[in-house]
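This report is addressed to a reader meeting the structure for the first time. Its topics are the pockets and the ligands.

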Amino acid sequence: MNPLKHVAIIMDGNGRWGIKHKNSRNAGHKAGLKTVEKIIKETIKNRIKFLTLYAFSTENWKRPKKEINFLFNLLENFLKSRINEFHKENIKLKIIGVKNFSKKLNKILISSEKKTLKNDKLQINLALNYGSKFELLNAFKYLNKNKKRINENNLKKYLQTKNIPDPDLLIRTGNTHRLSNFLLWQLAYSEIFFEKKLWPDFNEKDYNKIIKKFSNIKRNFGKV
Ligand code: IPE
Ligand code: IPE
Ligand code: MG
């Protein structure tokens, strides 16, 4: 049985789900939030310590403004209504990515992180305005500017995932087989599962099936 400390998820397929069921991409984003709730609960049940959710990439700014605004409104309302419960459930929230949203949303994000900082049951890393290339370049630039040695240990310290173990398992829903600029460094040795279902259709059973398969994989890390 492989230990499972960290699951990362590319929650893809909301837009297609929304168009199919309600003729609106935004309806899919709303439905996707319910899956987020389910998967958080199931992650706790499985005693997994870190869950990283890709919610908005640096490339997602290329989407229509209306969709972007809808997404951030959804997030804002979600955090406003759920952060106290997260806190009670001993969940820590961390944002990875650059917080350059509206003043209001930035404030909510910062206060949510601050409130839950000491919690230690589950750490949720929400990847928001996150791009792996940007993260890596930034770390290299910092090392260079401060005349630090460029090595694996030093680089890790300047990634947004500092102090977070690399994901053991990556799941991408939505029947698309790519990484879309997500955790390129950190996923070097992760087990990757591509799931056909769209994110709003993904459920606890699907999640547990993947976890079970993961637990039986022979992870070599270069050895035999
Ligand atoms: C992923 O779902 C969620 C975000 C990027 C916010 P998409 O919105 O990419 O859904 P599809 O891939 O268009 O169906
Ligand atoms: C990746 O999904 C980003 C998130 C899930 C937040 P996208 O739907 O944006 O990825 P591409 O553009 O299809 O690669
Ligand atoms: Mg997509």
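The sections below describe the pockets and then the surroundings of each ligand.

## The largest pocket

The model discussed here is predicted. Its largest pocket holds about 760 Å³ of space. The lining of this pocket is made up of 37 residues, and those nearest its centre are M11, N14, Y54, A55 and F56. Two or more lining residues come from each of α1, α2, β2 (50–57), α3 (65–88) and β4 (122–130). Among these elements, α3 contributes the most, with 7 residues.

Sorted by class, the lining of the largest pocket comprises 21 nonpolar, 9 polar and 7 charged residues. Ligand 1 sits in this pocket, and ligand 2 sits in the largest pocket as well.

## The shell around ligand 1

Ligand 1 is surrounded by M11, D12, G13, N14, G15, R16, R25, H29, A55, N60, R63 and L71. Two helices, α1 (14–22) and α2 (25–45), each provide at least two residues of this shell. The greatest contribution to the shell around ligand 1 is that of α1, with 3 residues. In terms of class, the shell around ligand 1 contains 3 nonpolar, 5 polar and 4 charged residues.

Several side chains make polar contacts with oxygen atoms of ligand 1. For R63, a polar side-chain atom is 2.7 Å from an oxygen atom of ligand 1. For D12, an N or O atom of the side chain lies 2.8 Å from an oxygen atom of the ligand. For R25, the distance between a polar side-chain atom and an oxygen atom of ligand 1 is 2.9 Å. On its own, ligand 1 has 380 Å² of accessible area, of which the protein covers 87%.

## The shell around ligand 2

Which residues surround ligand 2? They are I10, M11, D12, Y54, A55, F56, N60, R63, R172, R178 and S180. The strand β2 supplies the largest share of this shell, 3 residues. The class count for the shell around ligand 2 is 5 nonpolar, 2 polar and 4 charged residues.

Polar contacts to ligand 2 involve S180, N60 and R63. A polar side-chain atom of S180 is 2.6 Å from an oxygen atom of ligand 2. The side chain of N60 has an N or O atom 2.8 Å from an oxygen atom of ligand 2, while for the side chain of R63 the corresponding distance is 3.3 Å. The protein covers 78% of the 390 Å² of accessible area that ligand 2 has on its own.

R63 thus appears in both descriptions: its side chain lies 2.7 Å from an oxygen atom of ligand 1 and 3.3 Å from an oxygen atom of ligand 2. M11 and A55 are likewise listed around ligand 1 and around ligand 2, and M11 and A55 are also among the residues nearest the centre of the largest pocket.

## The second largest pocket

The volume of the second largest pocket is about 160 Å³. Its lining consists of 13 residues. Which of these lie nearest the centre of the second largest pocket? They are D166, W185, Q186, A188 and Y189. By class, the lining of the second largest pocket divides into 6 nonpolar, 2 polar and 5 charged residues.

Terms used. Residues numbered from 1 in each chain as written. Chains lettered and ligands numbered in written order. Predicted model: local features only at pLDDT ≥ 70, side-chain atom pairs only at ≥ 80, totals over all residues. Heavy atoms only, no water. Near = heavy atom within 4 Å. Polar contact = N/O pair within 3.5 Å; in protein donor to acceptor, adjacent residues only side chain to side chain. Areas by Shrake-Rupley, 256 points an atom, 1.4 Å probe, with all protein chains shown as cover. 1 Å grid on protein atoms, 1.4 Å probe; cavity = no way out; pocket = protein on both sides within 12 Å on 5 of 7 lines; lining within 4 Å. Sits in = over half its atoms within 2 Å of the grid points. Helix = DSSP H or I, 4+ residues; strand = E, 2+ residues; numbered from the N terminus. Nonpolar A, V, L, I, M, F, W, Y, C, P; charged D, E, K, R; others polar. Points joined across faces, edges and corners; volume = space filled by probe spheres on them.
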